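Biologist: Could you take me through one part of this model closely, namely whatever pocket you find, and set it against the rest of the fold? I would enjoy one connected account rather than a list.

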Amino acid sequence: MTQATSQTRPFAALALILIHLVVSTLHGWAHQAASVNLNTFGYVYVTIVITLGPLVAAGFLLTRKQKTGALLLALSMFGSFIFGGWYHFLSNTSDNVTQVHGPWHSTFLWTAIALAVIELAGAVVGFRMFRVSSARSGS
């Protein structure tokens, strides 16, 4: 990998984190408008893993702790992908995209799809950054 590629990866990760924050905020609005409530576990998971995890990872990526940031980004985005995939597409709950009706259906559906794509991309970028950081540090 070239020096330029290695230096642009944190910026790609930061861009994914910001896009994820915007799309997840839109998705949260769709949740509220469509009256799709989460249980206590869901609210805690969304707050810690889906919202705070990537933001804390971004903080680490802006410091000398890029390896920690990359791992946190990978794990939080992968955890977000699994959670969203289960609740939005596989489970038989009110959070499934097929169960949301009315004027917010399209927003709910498209933000759920966008989140899945962004979260999978974030996990891949995070794991690659972590692998490169590990190889560079020899650990």
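Modeller: Happily, and let me start with how the chain comes together. In this predicted model, 72% of the protein's contacts with a separation of 6 or more are between residues 24 or more positions apart. The elements behind that figure are quickly named: the protein has four helices and zero strands, giving the pattern α-α-α-α along the sequence. Taken along the principal axes, the box filled by the C-alpha atoms is roughly 50 × 25 × 20 Å. Of the 139 residues, 38% count as buried. The protein exposes about 7900 Å², with carbon and sulfur atoms supplying 69% of that area.

Now to the part you asked about. Rolling a probe the size of a water molecule over the atoms shows where empty space is left. The largest pocket has a volume of about 440 Å³, and 25 residues line it. Which helices build this lining? At least two residues come from each of α1, α2 (40–61), α3 (66–90) and α4 (105–137). Helix α1 gives the most, with seven residues. By class, the lining has eleven nonpolar, twelve polar and two charged residues. The residues nearest the centre of the pocket are H27, G28, H31, L38 and V46.

H27 deserves a closer look, so please find it in helix α1, which spans residues 3–33. Although H27 is among the lining residues nearest the pocket centre, its relative accessibility is 5%, and H27 therefore counts as buried, the limit being under 20%. What does H27 meet there? Setting aside residues up to four places away in sequence, H27 touches H88, F108, T111, A112 and L115. With one of these partners, H88, the link is also polar: the side chains of H27 and H88 are joined by a polar contact of 2.9 Å.

Helix α1 also offers a contrast. L18 lies in this helix too, but L18 counts as exposed because its relative accessibility is 53%, and the cut-off for exposed is over 50%. If you look from L18 towards A114, which is 96 residues away along the chain, you will find the two C-alpha atoms separated by 13 Å.

Following the chain out of α1, you come to S35, in the loop between α1 and α2. S35 has a phi near 55°, a positive value in a residue other than glycine. With a relative accessible area of 57%, S35 is exposed.

A second serine makes a useful comparison. Is S76 buried or exposed? S76 belongs to helix α3, and its relative accessibility of 5% is why it counts as buried. A polar atom of the S76 side chain lies 3.3 Å from the backbone oxygen of L73. Beyond its neighbours within four places in sequence, S76 is in contact with V49, G53 and P54.

To bring the account back to your pocket: all four helices named above contribute to its lining, each with at least two residues, and H27, one of the residues nearest its centre, is buried and makes a polar contact with H88.

Key:
Residues numbered from 1 in each chain as written. Predicted model: local features only at pLDDT ≥ 70, side-chain atom pairs only at ≥ 80, totals over all residues. Heavy atoms only, no water. Buried < 20%, exposed > 50% of the residue type's maximum accessible area, 1.4 Å probe, protein only. Contact = heavy atoms within 4.5 Å. Areas by Shrake-Rupley, 256 points an atom, 1.4 Å probe, with all protein chains shown as cover. Polar contact = N/O pair within 3.5 Å; in protein donor to acceptor, adjacent residues only side chain to side chain. 1 Å grid on protein atoms, 1.4 Å probe; cavity = no way out; pocket = protein on both sides within 12 Å on 5 of 7 lines; lining within 4 Å. Points joined across faces, edges and corners; volume = space filled by probe spheres on them. Nonpolar A, V, L, I, M, F, W, Y, C, P; charged D, E, K, R; others polar.
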